[in-house]
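Visitor: Please take one loop residue of this model and look at it closely. Then work outward from there to the rest of the chain.

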Amino acid sequence: PNGVWSYGSMDVAFTTFTPFIHQRTDIFGFDLWSPPGVPPHVGLNASATPTFNVPPGYLALHPGPGPEPAVLRWTAPAGFSGSIDVNGQFLSGDIGSMQLAVRRGSTVLWSGTDSGAFALSSLVVAPGDTIDFAVFGGYSYGNTPLQLTITASSASGEQTLYVSNSGNNT
């Protein structure tokens, strides 16, 4: 996580975001951010091999017990105002049935089951606005990789704000 990115979980009603403050590396080579103990967590496959169907260098979201969502949150940076395009896909991870969502507050912008691509165009955002990428349900087998690009349109043209899995995390 960095300035515009937060890893955390939400209650099942998607009303309260709780940032993860603990980081550890597990025996499989994942850098995990979570509450103390068991999932939910957001993990980076820092190993050189695919693990639980998560390619090396990819983030994966793992829900908590019951339907507790694991969440990757993007917050529009200070000084930014305009529209963004959000493109990406949740990839098939572990076996099991995962529920997936891209949310803006209480509004579901996209949802799916197990995997799927999304293309959200011209979302108007102001500093501090958030977009949440959530995985929930399927606690027993929950690693779900995510590819993601957020591109901003401005008077000076398009600017890529974030590209997952390429080293560009601005």
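Guide: The residue to begin with is Phe52, which is found in the loop between β5 and β6. The model is a predicted one, and what follows should be read accordingly. The strand before this loop, β5, covers residues 41-45, and the strand after it, β6, covers residues 59-62.

The backbone of Phe52 deserves attention: its phi is positive, about 55°, although the residue is not a glycine. Most residues other than glycine have a negative phi. Asp114 shows a positive phi as well, near 75°, and it too is a residue other than glycine. Asp114 sits in the loop between β10 (107-113) and β11. Its relative accessibility is 29%, so Asp114 counts as partly exposed.

As for the side of Phe52 that faces solvent, its relative accessible area is 35%. Buried would require under 20% and exposed over 50%, so Phe52 falls in the partly exposed class. Together with Ile27 and Phe28, Phe52 makes a nonpolar surface patch of about 340 Å². For the protein, the accessible surface comes to about 7600 Å², and carbon and sulfur atoms account for 55% of that.

From the surface patch we can turn to the interior. Of the 170 residues of the protein, 48% count as buried. The largest nonpolar core has 31 residues, and the members that touch the most others are Trp74, Ile84, Phe118 and Phe133. Strands that each give at least two residues to this core include β6, the strand that follows the Phe52 loop, along with β1 (5-10), β7 (70-75), β8 (82-90), β9 (99-104), β11 (116-125), β12 (130-136) and β13 (144-154). A second core, separate from this one, has seven residues, among them Met10, Val71, Ala101 and Ala134.

Phe118 shows how the largest core is put together. Apart from neighbours within four places in sequence, Phe118 is in contact with Val86, Asn87, Gly88, Gln89 and Phe90, with Val102 and Trp110, with Phe133, and with Leu146, Gln147 and Leu148.

The architecture around these cores is made of strands: the protein has 14 of them and zero helices. Among contacts with a separation of 6 or more, 60% join residues 24 or more positions apart.

Some links of that kind are charged. A search of the whole structure finds two salt bridges. In one, Asp132 pairs with Arg73, and the closest N and O atoms are 2.6 Å apart. Asp132 belongs to strand β12 and Arg73 to strand β7, so the bridge ties together parts 59 residues apart in sequence. Both Asp132 and Arg73 are buried.

The other bridge joins Arg104 and Asp129, with 3.2 Å between the closest N and O atoms. Here too distant parts of the chain are linked: Arg104 is in strand β9 and Asp129 is in the loop between β11 and β12, 25 residues apart. Arg104 is partly exposed, with a relative accessible area of 24%. Asp129 is likewise partly exposed, at 26%.

Asp129 leads on to another loop residue. Ala76, in the loop between β7 and β8, has Asp129 among its contacts, together with Val125, Ala126, Pro127 and Gly128, when neighbours within four places in sequence are left aside. The C-alpha atoms of Ala76 and Ile131 are separated by 8.4 Å, although the two residues are 55 apart along the chain. The relative accessibility of Ala76 is 3%, so Ala76 counts as buried. Phe52 also lies in a loop, but at 35% relative accessibility Phe52 counts as partly exposed.

Last comes the confidence of the prediction. The mean pLDDT of the protein is 86, and 89% of its residues reach 70 or more. Over residues 166-170 the pLDDT is below 50, and this stretch has 11 contacts in the model beyond near neighbours in sequence.

Definitions and conventions
Residues numbered from 1 in each chain as written. Predicted model: local features only at pLDDT ≥ 70, side-chain atom pairs only at ≥ 80, totals over all residues. Heavy atoms only, no water. Core = buried A, V, L, I, M, F, W, Y, C linked by side-chain atoms within 4.5 Å. Buried < 20%, exposed > 50% of the residue type's maximum accessible area, 1.4 Å probe, protein only. Helix = DSSP H or I, 4+ residues; strand = E, 2+ residues; numbered from the N terminus. Contact = heavy atoms within 4.5 Å. Areas by Shrake-Rupley, 256 points an atom, 1.4 Å probe, with all protein chains shown as cover. pLDDT = per-residue confidence, 0-100. Patch = residues over 30% accessible without salt bridge, like charges linked within 9 Å, V, L, I, M, F, W, Y side chains within 5 Å. Salt bridge = Lys/Arg side-chain N within 4 Å of Asp/Glu carboxyl O.
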